[in-house]
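Work through the exercises below with the sequence and the structure side by side, trying each task before reading its solution. The model shown is a predicted one.

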Amino acid sequence: TQPKQKMKTMKFTQVAFFAAAVAFALPARADTMSVPTKEAAAYTLEIPSNWKPKANVEDESVEATAPGDHAYLSAWIAKSSDQKTIASDMETTLKDALKSIDKENSQQTIDVNGLQVVVVKGSGVDKRAGNKVQYRVAIFPAGGDKVGIVYSDYDNDAPDDTMKALQGIIG
């Protein structure tokens, strides 16, 4: 009976290994979130389900938080492409999220599938947790006079899987 037992153990190990390999090969389940609303979407984001994305119909935004609170994301539409409106939205968001903002920041324009996206990067101290975080604000045309804004902040020591997920969301 020992050869049969060894065969069963080997078979189980192979099946378990195959199941694990398939699980790692498949992408994590994501929710497609529409901004400002599903009915009047200006743009959509694919956010991992375990970030528990939720839409706020009242202020027409989407928010999500990575497991372990290592990253936060918020997306909305600026009602005008006016520079003052966008600057005001950014300032309000940064003041709401950060206790202090470091003076150093950078700005670059990147091409995402033919769309010109302005990305502002900086750092500061998180208002809720009190730890040092990095932030990114992506600003892009969202049709008509509307501008899409996606804000994210993440811990300096955020896990690799959180950073990969965030990179996949906002590029």
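**Exercise 1. Find which residues of α2 are buried, and decide how they are arranged around the helix axis.**

Solution. Begin with the accessibility of each residue, where buried means under 20% relative accessible area; in α2 this picks out Ile86, Met90, Thr93, Leu94 and Ala97. Next, look down the axis: these residues cover an arc of only 95°, which puts them on the same side of α2. Then turn to the face directed away from that buried side, where the exposed residues Lys84 and Asp96 are found. Finally, ask what the buried residues pack against, and the partners turn out to be β5 (71-78), β6 (98-112), β7 (115-126), β8 (132-141) and β9 (147-155).

**Exercise 2. Check whether the span of helix α2 agrees with its number of residues.**

Solution. The helix covers residues 83-97, which makes 15 residues. The expected span is 1.5 Å times one less than the number of residues, and for α2 this should give 21 Å. The C-alpha atoms at the two ends are 21 Å apart, so the expected span and the model agree.

**Exercise 3. Carry out the analysis of buried and exposed residues for α3.**

Solution. The buried residues of α3 are Thr162, Ala165, Leu166, Ile169 and Ile170. Seen down the axis, they fall within an arc of 110°, and therefore they line one face of the helix. The face turned away from them carries Asp160, Asp161, Lys164 and Gly168, which are exposed. On the buried side, the packing partners are β2, β5, β8 and β9.

**Exercise 4. Identify the residues of the largest nonpolar core that touch the most other members, and say which elements supply the core.**

Solution. In soluble globular proteins, nonpolar side chains tend to be buried together. Here the largest nonpolar core has 24 residues, and those touching the most other members are Tyr43, Leu45, Ile47, Trp51, Leu73, Val150 and Ile169. At least two residues of this core come from each of β1 (30-35), β2 (43-48), β4 (61-65), β5, β7, β8, β9 and α3 (160-170). Another core, of 16 residues, lies apart from it and includes Ala97, Leu98, Val137 and Ile139. To follow one member of the largest core in detail, take Val150, whose contacts, leaving aside neighbours within four places in sequence, include Tyr43, Leu45, Leu73, Phe140 and Ile170.

**Exercise 5. Trace how β4 is joined to β3 and to β5.**

Solution. Strand β3 (residues 54-56) runs antiparallel to β4, with three bridges between them, and within this pairing Ala55 has Val62 as its bridge partner. Four residues lie between these strands in the hairpin, where Glu60 takes a positive phi near 50°. On to β5: five bridges join it to β4, again antiparallel, and Glu63 is partnered by Ser74. The hairpin of β4 and β5 has five residues between the strands, and there Gly68 takes a positive phi near 80°.

**Exercise 6. Locate the salt bridges and describe where their residues lie.**

Solution. A search of the whole structure finds two salt bridges. One joins the side chains of Glu91 and Lys95 at 3.1 Å, N to O; both residues lie in helix α2, four residues apart, or about one turn of the helix. The other is formed by Lys132 and Asp102, with the closest N and O atoms 2.4 Å apart. This pair links distant parts of the chain, since Lys132 belongs to strand β8 and Asp102 to strand β6, 30 residues apart.

Technical notes: Residues are numbered from 1 along each chain as its sequence is written. This is a predicted model: local features need pLDDT of at least 70, side-chain atom pairs count only at pLDDT 80 or more; totals for chains, interfaces and linings use all residues. Side-chain values use heavy atoms; hydrogens and water are left out. Buried means under 20% relative accessible area, exposed over 50%, partly exposed in between (1.4 Å probe, protein chains only). The arc is that of the directions from the helix axis to the C-beta atoms. Contact means heavy atoms within 4.5 Å. A nonpolar core is a set of buried Ala, Val, Leu, Ile, Met, Phe, Trp, Tyr and Cys residues joined through side-chain atoms within 4.5 Å. Two strands pair if DSSP finds at least two bridges between them. A salt bridge is a side-chain nitrogen of Lys or Arg within 4 Å of a carboxyl oxygen of Asp or Glu.
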